[in-house]
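Dear colleague,

Please find below the structure that I am handing over to you. My notes on it follow directly after.

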Amino acid sequence: MIKKILYSNTSWSLISNGTTALLGFVNLGFIAHQYSRDNAGKWFMLLTVYTLLEMLRSGWVQTPFVRYFAVSTNQEEKSRLTGASWQLLLGFTIIMATLAFPFMYFLKLDNGAFLLAKRFTIFWLFSALPYQLLQWQLQASQLFKKLAAVKIFFAAGFTILLLFQVKLRFSIETVVLLYGLLQFGIGMVGSIFGWLRFGTWKTNLQTERRKLSAFGRYSMLTMVTSSLLRSSDQFIIAIWLGPAAVAVYSIPQKLIEAIEIPVRSFASVTMPKAASLFQHQKWEELRYLFYRQCGFLTALIFPMLAVFLIFPSHIVNLLGGGKYHESVLLLQIFCFYAALIPIDRFCGVLLDAGNRPRKNTIKVFIMLAANVLLDVFALWIGAGVYGVAAGSTITFLLGVIIGWVQLKDILEAFAIKLLWKHGVLASINLLKKIPAA
């Protein structure tokens, strides 16, 4: 029984996301400690802009590819979907780079927060192509052990590069270049091992491209809007307050990503399973799956939230140092919206798995609009970064309410007792059945 649990897809997903997040915090600590708040803020804005554009192409290809690949019945169909995904991603990246080029290199911005983003975003988009496709293909094939190895190897590789930085004193620009080259290198290694596949290219894949694009136009809007939902705070703070304020805000926000580790892990594993349940119209099992995952994850993250609430200064000082003392209260504010993350995330998973991407897009778009309005209002009245953080809590509460209304035909009336019964108690009972040796 223990072996079955430890070697399950969920466990491997948790192991990979947990390890990469831990290494990510180490890497973040290197950046925060070794560079000024201004340079750290520029690094965070590069990550923000790149992530936004990456979500744009990922939403168009990744979500529909994983969904349709998971329910494909033969190898020929899977090979055609793989080839079509490559064609769409390459073409979309070239178009995106062409459109972004004049903005990245000729648009004059007095705000230094976007300096690295303007110079290196397009380079990162191209260098990450094989690495991103490698991850999507492994996820779609449910090869989570190999996916864990890929993610951990990249995070560990970047940590090693930053250790060299302590000795060799790389500039922030050099670190950016090495980050992009590392992604490209790991993608190529995956190709050598046969994990990264190119699929069928010689035949006409117009049907598969249309199939992916028809679903992808909604999932793309959802993922981009979702990314903007998280990054809109940084964009507005960067324009209003500058790069140093972005760094102050980003430190606790990155810490909250620790809360999302188990949520992302369970969501990636749940997506193919939920799609299959929808395909066979097993509504009772789908409802049980939702309550089980959300209940268990909500109980799992509460101890982490308690630590953040009780010891915020120690955690912030460990990660960023004394120069980020303003981040302490921000971390405590973030804890309140972090408690809503499991339900909000799994509402989105069910909407996508159930071929309802339009509803998910509407939900996230409403959340984005509310968040931007709350951010601007908070800064306008002088509430600063603390008001922006408080607005995020209101936004996520709104998202949970909308998501539940959209899934009322499946989830029915909201019942906290089912989160407890199917999520917490069921997990405790499962652990009790595990033999001691």
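In which helix does S85 lie? S85 lies in helix α4. Please bear in mind throughout that this is a predicted model.

S85 and F65

The relative accessible area of S85 is 1%. Buried means under 20%, so S85 is counted as buried. Its C-alpha atom is separated by 8.9 Å from that of G199, although S85 and G199 are 114 residues apart along the chain.

F65 belongs to helix α3. With a relative accessible area of 2%, F65 is likewise buried. Between the C-alpha atoms of F65 and A84 the separation is 9.1 Å, and these two residues are 19 apart along the chain.

The second largest pocket

Helices α3 and α4 also appear in the lining of the second largest pocket, as does α6. The residue ranges are 37-70 for α3, 75-105 for α4 and 129-140 for α6, and each of these elements gives two or more residues to that lining. The space in the second largest pocket is about 270 Å³. It is lined by 15 residues, of which F69, Q137, S141, W195 and R197 are the closest to its centre. Helix α4 gives the most to this lining, with 4 residues. By class, the lining has 7 polar, 5 nonpolar and 3 charged residues.

The cavities

How many cavities of 30 Å³ or more does a search of the whole structure find? The search finds 2. In the second largest cavity there is about 50 Å³ of space. Its lining consists of L229, R230, D233, Q253, Y337, N371, S392 and F396. Two or more of these residues come from each of α9 (206-241) and α16 (384-406). Helix α9 gives the most, with 3 residues. Divided by class, the lining of this cavity has 3 nonpolar, 3 polar and 2 charged residues.

Helix α7

Helix α7 covers residues 144-168, which is 25 residues. Does its length agree or disagree with what is expected of a helix at 1.5 Å a residue? At that rise the helix should span 36 Å, and its end C-alpha atoms are 36 Å apart, so the two values agree. The buried residues of α7 are F144, L147, A148, V150, F154, A155, G157, F158, T159, L162 and Q165. Just after this helix, R169 takes a positive phi of about 60°.

Aromatic residues

F154 and F158, both listed among the buried residues of α7, are also members of an aromatic cluster. The other members of that cluster are W43, Y50, W124, Y131 and Y179. The structure as a whole holds 14 aromatic pairs.

Cysteines

Where cysteine chemistry is of interest, please note that a search of the whole structure finds 0 disulfides. Why is C335 counted as buried? Its relative accessibility is 3%, and buried means under 20%, so C335 falls within that class. C347 is also counted as buried, because its relative accessibility is 0%.

With kind regards

Terms used
Residues numbered from 1 in each chain as written. Predicted model: local features only at pLDDT ≥ 70, side-chain atom pairs only at ≥ 80, totals over all residues. Heavy atoms only, no water. Phe/Tyr/Trp six-rings, centres within 6.5 Å; stacked < 30°, edge-to-face > 60°. 1 Å grid on protein atoms, 1.4 Å probe; cavity = no way out; pocket = protein on both sides within 12 Å on 5 of 7 lines; lining within 4 Å. Points joined across faces, edges and corners; volume = space filled by probe spheres on them. Nonpolar A, V, L, I, M, F, W, Y, C, P; charged D, E, K, R; others polar. Disulfide = S-S within 2.5 Å. Buried < 20%, exposed > 50% of the residue type's maximum accessible area, 1.4 Å probe, protein only. Expected span 1.5 Å × (residues − 1).
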